[in-house]
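The following exercises treat helix geometry, helix packing and local backbone features. Each task is followed by a solution in steps.

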Amino acid sequence: MGPAGPTAAIYGGAALAGYAAVRQRARQTRAMFAQYVPPAVVARLIAQPELMRLGGESREVTLMFTDLASFTTLSEQLSADQTVEVLTAYFNAMTPIVHATGGTLDKFIGDAVMAFWGAPLDDAQHAEHAVAAAIAMQQAMQALVAGLAARGLPPIHMRIGLHTGRVVVGNVGSDQRFSYTAIGDAVNLAARLEGANKAFGTGVLLSAATAAQLPPTVALRALDDVIVKGKTEPVRVFTPCDDTTVREASNAALAAFHARDWPGAEAQLSRVLERLPGDLAATRLRERVAEARALPADAPWFPAVALDKL
């Protein structure tokens with residue numbers, strides 16, 4: 001063998017080692033993300049590994065929590081097989097919508113879904129995509145409920161909370177078992193907003209931080225200002241709403257409420273209730289107007305309400 005022989009062997013061995021390393025990295029990336037994001041995202045992470053930073057990193061994302069209302073009570077009326085059938089149908093309906101809008105499906109927690117937009121890949125429109133997913137998911141519930149009824153199963157109702165903020169995203173867990181997830185205060189607020197839907201009679205509730213990143217084409221109704229436990233600054237909460245009159249009257253009612261214009265707030269809330277008789281959010285705010293109106297003129301008063309009191 002001439003001098004070129006060993007050299008060629010060395011380069012060939014290096015090429016094979018490099019190829020093996022690339023294949024190994026691709027397998028690791030696929031195993032790590034295939035359960036969270038759609039195949040197209042996994043393929044891009046494999047093709048462009050520089051887009052992915054393993055370990056924890058700080059990112060701004062929009063987080064989603066969903067929950068099925070009163071599902072614990074409902075499941076007590078179902079057999080184990082029926083409970084699994086309902087949940088499987090539910091998760092199968094919601095997961096493709098999360099993926100279709102570029103979301104990362106973090107985990108299932110009982111009957112809840114946690115997802116976020118903006119990681120592992122950057123997404124400048126993560127808030128818009130998350131809200132679009134929430135609206136599409138609520139629309140998909142109609143067909144899902146009809147399908148369950150056709151199989152003799154009871155209806156289910158979903159609540160969704162959305163919040164945008166900075167979190168740490170990365171692989172969290174032990175050496176034996178870990179998952180790609182998001183951690184931080186923003187996660188807690190998204191989860192709390194999901195539960196607050198019950199107090200407002202809404203199916204989707206989002207924070208002002210999310211609303212601020214949406215284009216004007218996404219029509220939102222302002223509902224109230226809430227204070228999260230452990231925080232001092234109030235957060236205004238919104239819900240998607242296509243009714244222009246309801247949106248305008250709701251905004252005007254809140255402005256009047258903050259200005260202590262009780263008659264003005266009452267008048268605007270009456271407009272909302274004319275359009276939406278029995279609307280829980282307007283009814284609740286009207287009760288707060290009445291309580292504030294009854295206070296002495298010099299009594300301390302704050303327009304926001306504690307979220308844990310709703």
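**Exercise 1. A residue in a loop**

Task: Determine where R260 lies, what is notable about its phi, and whether R260 is buried, partly exposed or exposed.

Solution. R260 belongs to the loop that runs between helix 8 (244-258) and helix 9. The model under study is a predicted one. Although R260 is not a glycine, its phi is positive, at about 60 degrees. For the last step, buried means under 20% relative accessible area and exposed over 50%. R260 has 37% relative accessibility and therefore counts as partly exposed.

**Exercise 2. The helices on either side of that loop**

Task: Describe how helix 8 and helix 9 pack, giving the distance, angle, direction and handedness, and then the residues in contact.

Solution. Two packed helices are described by the angle between their axes and the distance between the axes. Step one: the axes of helix 8 and helix 9 come within 8 Å and cross at roughly 160 degrees. Step two: angles over 145 degrees count as roughly antiparallel, and helix 8 and helix 9 are therefore roughly antiparallel to each other. Step three: the crossing of helix 8 with helix 9 is left-handed.

Step four concerns the residues themselves. Helix 8 contributes T245, V246, A249, S250, A252, A253, A256 and F257, which meet W262, G264, A265, Q268, L269, R271, V272 and R275 of helix 9. Sorted by class, this contact of helix 8 with helix 9 has 10 nonpolar, 4 polar and 2 charged residues.

**Exercise 3. Length and burial of helix 9**

Task: Check the span of helix 9 against its number of residues, then state which of its residues are buried and what covers them.

Solution. Helix 9 (residues 262-275) has 14 residues, which at 1.5 Å a residue should span 20 Å. Its end C-alpha atoms are 20 Å apart, so the two values agree. The buried residues of helix 9 are W262, G264, A265, Q268, L269, V272 and L273. Their cover includes strand 7 (220-227), helix 8 and helix 10 (280-293).

**Exercise 4. The environment of R275**

Task: Which residues does R275 contact beyond its neighbours within four places in sequence, and how far apart are R275 and T245 in space?

Solution. R275 is found in helix 9. With neighbours within four places in sequence left aside, R275 is in contact with D243, T245 and V246. R275 and T245 are 30 residues apart in sequence, and their C-alpha atoms are 8.1 Å apart. R275 counts as partly exposed because its relative accessibility is 46%.

**Exercise 5. Helix 5 and its packing on helix 4**

Task: Test the span of helix 5, list its buried residues, and characterise its crossing with helix 4.

Solution. Helix 5 (residues 126-150) has 25 residues, for which 1.5 Å a residue gives an expected span of 36 Å; its end C-alpha atoms are 36 Å apart, so expectation and model agree. In helix 5, the buried residues are H126, A127, A130, V131, A133, A134, M137, Q138, M141, L144 and L148. Just after helix 5, G152 adopts a positive phi of about 75 degrees.

Turning to the packing, the axes of helix 4 (residues 80-100) and helix 5 come within 10 Å and cross at roughly 150 degrees. Helix 4 is therefore roughly antiparallel to helix 5. This crossing of helix 4 and helix 5 is right-handed. On the helix 4 side, V86, A89, Y90, A93, M94, I97 and V98 meet A133, A136, M137, A140, M141, L144 and L148 of helix 5. The contact of helix 4 with helix 5 has 14 nonpolar, no polar and no charged residues.

**Exercise 6. A cis peptide bond and a buried glutamate**

Task: Which residues does the cis peptide bond join, and what separates P120 from E57?

Solution. The cis peptide bond joins A119 and P120, with omega of about 5 degrees. P120 lies in the loop between strand 3 (112-117) and helix 5. E57 and P120 are 63 residues apart along the chain, and their C-alpha atoms are separated by 9.8 Å. E57 itself lies in strand 1 and counts as buried because its relative accessibility is 8%. Not counting residues up to four places away in sequence, E57 touches V167, V168 and V169.

Terms used
Residues are numbered from 1 along each chain as its sequence is written. This is a predicted model: local features need pLDDT of at least 70, side-chain atom pairs count only at pLDDT 80 or more; totals for chains, interfaces and linings use all residues. Side-chain values use heavy atoms; hydrogens and water are left out. Helices (H or I, at least four residues) and strands (E, at least two) are DSSP runs, numbered from the N terminus. The expected span of a helix is 1.5 Å times one less than its number of residues. Buried means under 20% relative accessible area, exposed over 50%, partly exposed in between (1.4 Å probe, protein chains only). Axes are lines fitted to C-alpha atoms, for helices over the stretch in contact, and angles run from 0 to 180 degrees between N-to-C directions. Angles under 35 degrees count as roughly parallel, over 145 as roughly antiparallel, 65 to 115 as roughly perpendicular and the rest as oblique. A crossing is left-handed if the near helix is turned anticlockwise from the far one by less than a right angle, and right-handed if clockwise. Contact means heavy atoms within 4.5 Å. Ala, Val, Leu, Ile, Met, Phe, Trp, Tyr, Cys and Pro count as nonpolar, Asp, Glu, Lys and Arg as charged, and the others, Gly among them, as polar.
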